[in-house]
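Visitor: I would like a close look at the aromatic rings in this model. Could you walk me through them and set them in the context of the whole chain?

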Amino acid sequence: MMSNLSSATEFCLLGFPGSQELHHFLFAVFFLFYLVTLMGNTVIIVIVCVDKRLQSPMYFFLGHLSALEIFVTNYIIVPMMLWGLLLPGMQTISLAACVTQLFLYLAVGTTEFALLGAMAVDRYVAVCKPLRYNVIMNSRTCIWVVIMSWMFGFLSEIWPVYATFQLTFCKSNLLDHFFCDRGQLLKLSCDDTLFTEFVLFLMAIVIIIGSLAPTIVSYTYIISTILKIPTASGRRKAFSTCASHFTFVVIGYGSCLFLFVKPKQTQAAEYNKIVSLLISVLTPFLNPFIFTLRNDKVKEALREGMKHCSQLLKD
């Protein structure tokens, strides 16, 4: 326990409970997920940049989404989590590193929400207004949408992180998590956090529900349009253009709604860890599979890329 007059300058991450053998097993599992995530999302970025058939707005947004997944997996959360599983004792993190990690984690997540909303609108234009698609979703529009998504993600999280670290952390410096989680930080504060938690709750509502709204509206129109297509093959083809994005939306928004949109930020640590694992490990891991296994263009580009690589190796 710490003095009531001082605030923590570093935190100890308790990480996962259990024996060292269990930690080594978890390390092996998460490291495998880490490698697959890194390779899969890198492959998506490369083929989107190289293959001319994938030079369209949907794949342009997908490339940025994969870059965000790599950012979360490779730089923000997973390396520290893996290192903590190998250490025999508790892992420490400085206050400055904790601020940086929390800000990047929230900013990248918010940027991802904005991009998912933009991708939903793109699918709406593709299905409902196909003749005007190239005019509406031109390259200039797509570039501005991506720039605004990144700016919105990073600017919108400045105040929440600033407000969190204006609190005095004097109860303890033990964080029951594998990274600097905001809910666990609020538990360590000896200040009255009720107002801060309420404002953070409202901001989470605005960001998540605000980016979900265009997705809901877009898919309402998309489903209505698809149901009007007379042939089953036509309906199947139209829905296949949206299936990958819709699947990712359900997984991404579902897990984040459980984690962030709640009046009380200081809920049970174990629940928090499980949902955080879904967001930082499982979702980035599934992203390459969701967007490739159900997409004929991407699968064809991958097959041709592998064939080209094998020919180069033979030569």
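Guide: Happy to. Let me start with the whole chain: buried residues make up 46% of its 315 residues. Please keep in mind that this is a predicted model. The chain has 12 helices and 3 strands, and its C-alpha trace spans about 70 × 50 × 35 Å along the principal axes. The radius of gyration is 22 Å, which agrees with the value near 20 Å that a compact globule of 315 residues would have. Among contacts between residues at least 6 apart in sequence, 80% join residues at least 24 apart. On the outside, the chain exposes about 15900 Å², and carbon and sulfur atoms supply 71% of that area.

Now to the rings themselves. The structure holds 14 aromatic pairs. One of them joins Trp150 and Phe154, a stacked pair with 6.0 Å from centre to centre and 15 degrees between the planes; the angle counts as stacked because it is under 30 degrees. Trp150 and Phe154 sit 4 residues apart in helix H6 (residues 139-155), so about one helical turn separates them. Trp150 is partly exposed, with a relative accessible area of 26%.

Phe165 and Phe169 make a useful partner for that example. Their ring centres lie 6.0 Å apart and their planes stand at 70 degrees, so this pair is edge-to-face. The cut-off at work here is that planes over 60 degrees apart count as edge-to-face. Phe165 and Phe169 are both buried.

Ring pairs also build a group: they link Phe16, Phe30, Tyr105, Phe178 and Phe179 into a cluster.

To place these rings along the chain, the UniProt record helps. Its unreviewed entry puts the feature "transmembrane region" at residues 25-50, 59-82, 102-121, 142-162, 198-222, 243-262 and 274-293. In the model, the span 142-162 is 90% helix and 0% strand, and its end C-alpha atoms lie 31 Å apart. For comparison, residues 198-222 are 100% helix and 0% strand, with end C-alpha atoms 35 Å apart.

If you are browsing the view, a good route is to begin at the stacked rings of Trp150 and Phe154, go on to the edge-to-face rings of Phe165 and Phe169, and finish at the cluster that includes Phe16 and Tyr105.

Methods. Residues numbered from 1 in each chain as written. Predicted model: local features only at pLDDT ≥ 70, side-chain atom pairs only at ≥ 80, totals over all residues. Heavy atoms only, no water. Phe/Tyr/Trp six-rings, centres within 6.5 Å; stacked < 30°, edge-to-face > 60°. Helix = DSSP H or I, 4+ residues; strand = E, 2+ residues; numbered from the N terminus. Buried < 20%, exposed > 50% of the residue type's maximum accessible area, 1.4 Å probe, protein only. UniProt positions renumbered as here; feature names shortened; annotations may be inferred. Rg over C-alpha atoms; globule rule 2.2 N^0.38 Å. Contact = heavy atoms within 4.5 Å. Areas by Shrake-Rupley, 256 points an atom, 1.4 Å probe, with all protein chains shown as cover.
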